[in-house]
Amino acid sequence: MSAIAERAPAPAAPPASRRRPGVGAIYRWELRKLRAQKRTFLGFGMAVIVPIIFIVALELQKGGPNDVPFGRYVRETGLAIPPVLLIFGSIWLFPLIVALVAGDIVANEDGNGTLKTILTRSVDRHQVFVAKTLAAITYALAALLLFAGVGLLLGGVRYGLHPLTSLSGTRIETGRALELMAAALGAYLLPVIAVAAIALLLSTVTRNSAAAIVGALMISLLMQLVGIISGLAAIKPYLLSTQFDAWQGLLREPADWAPVVRAAWVCALYAAPAFLAGLAVFVRRDVAGG
Amino acid sequence: MSEAAGHPIEARGLVKRYGHVTAVDHVDLTVEAGCVYGYLGPNGAGKTTSLRMLLGLIRPDEGVARLFGRDPLQEGAAALDGVAGFVEAPRFYPYLTGRRNLELMAALDGGDAGDRIDGALETVDLADRQTDKVKGYSHGMKQRLGIAAALLRAPRLLLLDEPTTGLDPAGMRDMRQLVRRLADEGMTVLLSSHLMGEVEELCDRVAIVRSGRVIYEGALDALLKSTGQRYRLRTTDDERAFAICRAQPGVQEVLGAGDGLTFAADQERAVADLSVALVEAGVAITALVPAAASLEELFFRLTEGDGLPAQNGDRPAPAPEGAAAASREASR
């Protein structure tokens, strides 16, 4: 830093109406930060490896997962692979993949002390929180597309993309099945967003990545557990874990929209309060770390 | 509110408590434009907590802080227009390069901040290392990157929390030169530090804090003059000179100083009388020179002792509530 004094730029008065960055600018940088972190690729790696393991397992054993929807068709068409993966993924894999980033995205900045760095620039706290939420959802969507895409690709290569037998027993042509698959992923994204919102809240409140990730996963597993207790069957339709199955209604003929509609508002009931609580805490909290 | 309507920094009655501990206790601060203001105190005195409140990072339990007349808690990021700096060590994303970090900061600053990246990197001599990830940077390099990140905002007010901590002597010198240069060009600087030499070299005014309270606020010159004049004396017989000094009217605080002794005297007449008394006693004077009290000496007296006697000009703040304000009024 020799002779830095001679090179220092003169302080300039900022323009009276300084153009402030919006949520979009923060969001783009949140995505860049995610791309630069190993944790992100750990989640993506899981989303890629699990379909590969599934296909390898199918090749190594004769029987199939006949006890799950579409399980009996996995060797008949690659179109049956993604639905079966979604069912397996809903138990703990996707909650974990989502929590891995959503539970870390605020707490990590707390731990590194970079929260104070970005909160002393020209962006407001609510913008930062919204951008982080959008980035976490974008990551979850990317992981979901990767998960289903790799399953479809490998299944298609190995077993071909033949027409799919719907849950109603009817035959769905390949093109139509792919459209329905995309819609099913959209429905699957609803509880994924709710898990992300819960993980974000925990990340903001606990200021600890590990606690937020494990906490979000535990909440997901707790709901799975409650869902299998027969005495609590009455609340099962309103558990987050149940909403991970809502997409199956779209693979019936005619399509059963009721579980999807219910998933939309039930997931909103989980996601909205968690998001608003996280936002309220983030906007008002003391940034004393780092 | 217009930026011209307020001082660069104006804090009134700031209080922050953590449980039973009062980290910041009714702090008042006014930093005038163009001033290099030293915020001085031992570790744990509440300096960093005060800076965090000024930047809106933490909420005061009582009081209000305004930057150029704008309250960060009320106006959010808009209140930080023209303001930059860092609290404690500057922190960056370790997995991004130095340049990427600055690009991120510039994106979050908006306007033409991105155009200043190259200049800022040159200024802090990090242009050659801009493509290295920050996790490989030394502490000093991170400090310099912190300055570069601040310069992107073309600030008129710079808040620096112990910016030379951890730097080598050359780095400390360069950092101080940079601060001096920025101040000479009109930037207002709040420098939190516990390094006396740094504050003495750079600052026009100081606030000294102890246990969360401002115990002195005023011009640095006034503080240095506030204890009365001290003198350094060397003689052919320091032992007898010591006894003569102790007995001489108007001469106080006689201390042995290894190769001589020091004493305080408010009146030059008392010094003249002492020199006559020494000669009459057969003690020859080899040196008798004024010795200004150092800021360090005053600092320890203020932060560890009972404070300074009230003098003309600025003075120690006697009580937490309104103390600093009273001190300022006394100086005007």
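Which residues in H8(A) meet which residues in H11(A)? Keep that in mind while you load up; this is a predicted model, and the tour starts in chain A.

**Stop 1: chain A as a whole**

Colour chain A by secondary structure. You should find 11 helices and two strands. Following the sequence, the pattern reads α-α-α-α-α-α-α-β-β-α-α-α-α. The C-alpha trace spans about 75 × 45 × 35 Å along its principal axes.

**Stop 2: H8 and H11 of chain A**

Select residues 174–206 for helix H8 and 258–284 for helix H11, both in chain A. Their axes come within 8 Å and cross at roughly 20°, which makes H8(A) roughly parallel to H11(A). Look along the pair and check the handedness: H8(A) passes H11(A) in a left-handed crossing.

Now show side chains to settle the opening question. From H8(A), pick A:Ala187, A:Leu190, A:Pro191, A:Ile193, A:Ala194, A:Ala197, A:Ile198, A:Leu200, A:Leu201, A:Thr204 and A:Val205. Across from them, H11(A) brings A:Val260, A:Ala263, A:Ala264, A:Cys267, A:Tyr270, A:Ala271, A:Ala274, A:Phe275, A:Ala277, A:Gly278, A:Val281 and A:Phe282. Sorted by class, the contact of H8(A) with H11(A) has 21 nonpolar, two polar and no charged residues.

**Stop 3: H3 and H7 of chain A**

Next, select helix H3 (residues 38–60) and helix H7 (residues 125–159), still in chain A. The axes of H3(A) and H7(A) come within 9 Å, crossing at roughly 25°, and the two helices are therefore roughly parallel to each other. The crossing of H3(A) and H7(A) is right-handed.

For the contact itself, the H3(A) residues to show include A:Phe44, A:Ala47, A:Val48, A:Pro51 and A:Ile55. Among their counterparts in H7(A) are A:Tyr139, A:Leu146, A:Phe147, A:Val150 and A:Arg158. Here the contact of H3(A) with H7(A) has 13 nonpolar, four polar and one charged residues.

**Stop 4: where chain A touches chain B**

Bring chain B into view. How many residues of chain A are in contact with chain B? There are 39, and they are in contact with 45 residues of chain B. To see the elements that give two or more residues to chain A's side, highlight helix H1 (4–7), helix H2 (23–35) and helix H6 (114–118) of chain A. By class, chain A's side divides into 21 nonpolar, nine polar and nine charged residues.

**Stop 5: the domains of chain B**

Give chain B two colours. Domain 1 takes in 3–82 + 155–224, and domain 2 runs over 228–291. Taken over C-alpha atoms, the centres of these two domains of chain B are 40 Å apart.

**Stop 6: the six-stranded sheet of chain B**

Finish with the strands of chain B. Six of them form an open sheet in the order E5-E6-E7-E3-E8-E9, with mixed pairing. Start at the edges, strand E5 (83–86) and strand E9 (213–219) of chain B, each of which pairs on one side only. From one strand to the next, the twist averages 15°.

Zoom in on E5(B) and strand E6 (residues 157–161) of chain B: they run parallel and are joined by four bridges. To see one bridge pair, pick B:Gly85, whose partner in E6(B) is B:Leu159.

Last selection: helix H6 (residues 169–184) of chain B, which packs on the sheet. H6(B) touches strand E3 (36–40), E6 and strand E7 (188–193) of chain B. The direction of H6(B) makes about 150° with that of E7(B).

Terms used:
Residues are numbered from 1 along each chain as its sequence is written. Chains are lettered from A and ligands numbered from 1 in the order in which they are written. This is a predicted model: local features need pLDDT of at least 70, side-chain atom pairs count only at pLDDT 80 or more; totals for chains, interfaces and linings use all residues. Two strands pair if DSSP finds at least two bridges between them. Axes are lines fitted to C-alpha atoms, for helices over the stretch in contact, and angles run from 0 to 180 degrees between N-to-C directions. Two residues are in contact if their C-beta atoms, placed from the backbone, lie within 7 Å. Domain bounds come from an automatic or database domain assignment. Ala, Val, Leu, Ile, Met, Phe, Trp, Tyr, Cys and Pro count as nonpolar, Asp, Glu, Lys and Arg as charged, and the others, Gly among them, as polar. Angles under 35 degrees count as roughly parallel, over 145 as roughly antiparallel, 65 to 115 as roughly perpendicular and the rest as oblique. A crossing is left-handed if the near helix is turned anticlockwise from the far one by less than a right angle, and right-handed if clockwise.
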